[in-house]
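These are my notebook entries from a session with one protein model. I wrote them in the order in which I looked things up.

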Amino acid sequence: MSQLKPGVVTGDDYRTLLKACKAGKYALPAVNVIGTNTVNAVLEAAAANKSDVIIQCSNSGAAFYAGKGFADGFQAKVMGAVSLAQHVHMMAEHYGICVVLHTDHANKKLIPWVNAMMDHNEAHYKQHGRPLFSSHMLDLSEETLEENLAESKKMLERMAKIDMSLEIELGVTGGEEDGVGSDDIDNDKLYTQPEDVLQAYDTLHTIGHFSVAASFGNVHGVYKPGNVQLRPEILKNSQALIQSARGTGGNPLDLVFHGGSGSEKDKIAASLNYGIFKMNIDTDTQFAFSEGVGKYVFEHEKAFKYQIDPETDEPYKKQYDPRVWLRKGEEAIIERLNEAFDDLRSKGKSLAVATANQHAA
Ligand SMILES: [Zn+2]
């Protein structure tokens, strides 16, 4: 088994990590974060499960990281992402696991956001010999396939120079996530066509490393069951077409499962056979955090109204201390991620080799 240094992985190390996932038929959860509480909960959960993990943020999550009061909305999306990445670079190695740093959906309007982050990646590469992020995502699935691939190619040309990877999306994933996607779409479009995937492969594979979020009935968010049918065999068909048409080995594509929240467990398991190495999870960890905090607040209602109980004079400081209830949110995220590491079979499979400064997890 290959071994890697704990911490953020980019370039060759990133590719080593996802090759190990595909060969071992397991995947890593890609968890959307919005601040240090969620980042640290993800790191703690990964360390406890001895699994590597993917940390990512959406453009609005990045802006939140910078602060809601940050005056320039565009710069907030950029600086928040940079700040998040620097926090993870500082902390990840001390948790003793490998972390992939990613950003989530960027549609056509958000190409300038990705380009602005690329300026920071290039500056970081110049100084440290590696980029700040392992990979960014461009979701141009609302555009024509031709435009999607032309823009993706342009971005990947820039990324490949500094050892970065690009995730693209083919087909429309249902649901609503940061304004991308649609829930009234004709059902045929929820399934990516293998011919489109082949075209993407031909356009991109000689330029640099890329991964593909393919639609196989998955939706963003959690909806009532039965609305869409997950069909992991769509992934299998795309892999098989490229293998036969281009003479590659098995499962040539690095595939990403969007909208992992609320998905049927047997369909998650099936997708692991077809080259899925990353499963996005956002909605379920959001709910976990809020549920954990909410439960505590409901049980300690008075501590959220009074510093001292008006009748008994009992001081409530130990109950309203934000560290206490924020921790409840973190613990709930960790519990939900324990389930994700199980579903994705990544438990105990971290490629990180223990080092002297490793945090005892
Ligand atoms: Zn998506």
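The entries below go from confidence to the core, then to helix packing, and last to single residues.

**Confidence.** I began with the reminder that this is a predicted model, and looked up its confidence before anything else. The mean pLDDT of the protein is 92, and 90% of its residues reach 70 or more. I then noted that residues 178-186 have a pLDDT below 50, although the model gives this stretch 20 contacts beyond near neighbours in sequence. For residues 356-361 the pLDDT also stays under 50, and here I found 12 contacts beyond four places in sequence. I leave the details of both stretches alone, because predicted coordinates should not be read in detail where pLDDT is low.

**The core.** Which residues have the most contacts inside the largest nonpolar core? I found that this core has 99 residues, and that Val 42, Ile 55, Val 99 and Val 212 are the ones with the most contacts inside it. Helix H4, residues 73-91, gives the most to this core, with 8 residues. I followed Ile 55 further and, leaving aside neighbours within four places in sequence, listed its contacts as Val 31, Val 33, Val 39, Val 42, Val 88, Val 99 and Leu 101. Two of the residues named for the core, Val 42 and Val 99, are thus also contacts of Ile 55.

**Packing around H4.** I took H4 with helix H5, residues 111-128, and found that their axes come within 9 Å and cross at roughly 45°. The two helices are therefore oblique to each other, and H4 passes H5 in a right-handed crossing. On the H4 side the contact is made by Lys 77, Val 78, Ala 81 and Val 82, and on the H5 side by Trp 113, Ala 116, Met 117 and His 120.

I next looked at helix H2, residues 36-48, whose axis comes within 11 Å of that of H4 and crosses it at roughly 35°. This crossing of H2 and H4 is right-handed as well. Here Thr 36, Val 39 and Leu 43 of H2 meet Leu 84, His 87, Val 88 and Met 91 of H4. I note that Val 39 and Val 88, which take part in this contact, also appear among the contacts of Ile 55.

**H3.** Is helix H3, residues 59-66, enclosed or open? I count it as largely enclosed by the rest of the structure, because 6 of its 8 residues are buried. The buried residues are Asn 59, Gly 61, Ala 62, Ala 63, Tyr 65 and Ala 66. Their cover includes strand S2 (28-32), strand S3 (53-57), H4 and H5. After H3 comes Gly 67, with a positive phi near 115°.

**H7 and H8.** For helix H7, residues 194-204, and helix H8, residues 233-246, I found axes that come within 9 Å and cross at roughly 50°. That makes H7 oblique to H8, and their crossing is right-handed. Pro 194, Val 197, Leu 198 and Tyr 201 of H7 meet a set of H8 residues that includes Asn 237, Leu 241 and Arg 246.

**Positive phi outside glycine.** I looked these up because most residues other than glycine have a negative phi. Lys 25 has a positive phi of about 55° and lies in the loop between helix H1 (11-23) and S2. With 16 other C-beta atoms within 10 Å, Lys 25 is partly exposed. Asp 313, in the loop between helix H10 (283-299) and helix H11 (317-320), has a positive phi of about 65°. Asp 313 counts as exposed, with 7 C-beta neighbours inside 10 Å.

**Two buried positions.** I closed with Met 279, found in strand S11, residues 276-281, which counts as buried with 27 C-beta neighbours inside 10 Å. Leaving aside neighbours within four places in sequence, Met 279 is in contact with Ala 27, Pro 29, Ala 30, Phe 257, Gly 260 and Leu 344. Ser 141 lies in the loop between strand S5 (135-138) and helix H6 (145-160), and is buried, with 22 other C-beta atoms within 10 Å. I also recorded that the C-alpha atoms of Ser 141 and Lys 109, 32 residues apart along the chain, are separated by 13 Å.

How values were computed. Residues numbered from 1 in each chain as written. Predicted model: local features only at pLDDT ≥ 70, side-chain atom pairs only at ≥ 80, totals over all residues. pLDDT = per-residue confidence, 0-100. Contact = placed C-beta atoms within 7 Å. Helix = DSSP H or I, 4+ residues; strand = E, 2+ residues; numbered from the N terminus. Buried ≥ 20, exposed ≤ 12 C-beta atoms within 10 Å, placed from the backbone. Core = buried A, V, L, I, M, F, W, Y, C linked by C-beta atoms within 7 Å. Axes fitted to C-alpha atoms, helices over the stretch in contact; angles between N-to-C directions. Parallel < 35°, antiparallel > 145°, perpendicular 65-115°, else oblique. Left-handed = near helix turned anticlockwise from the far one by under 90°.
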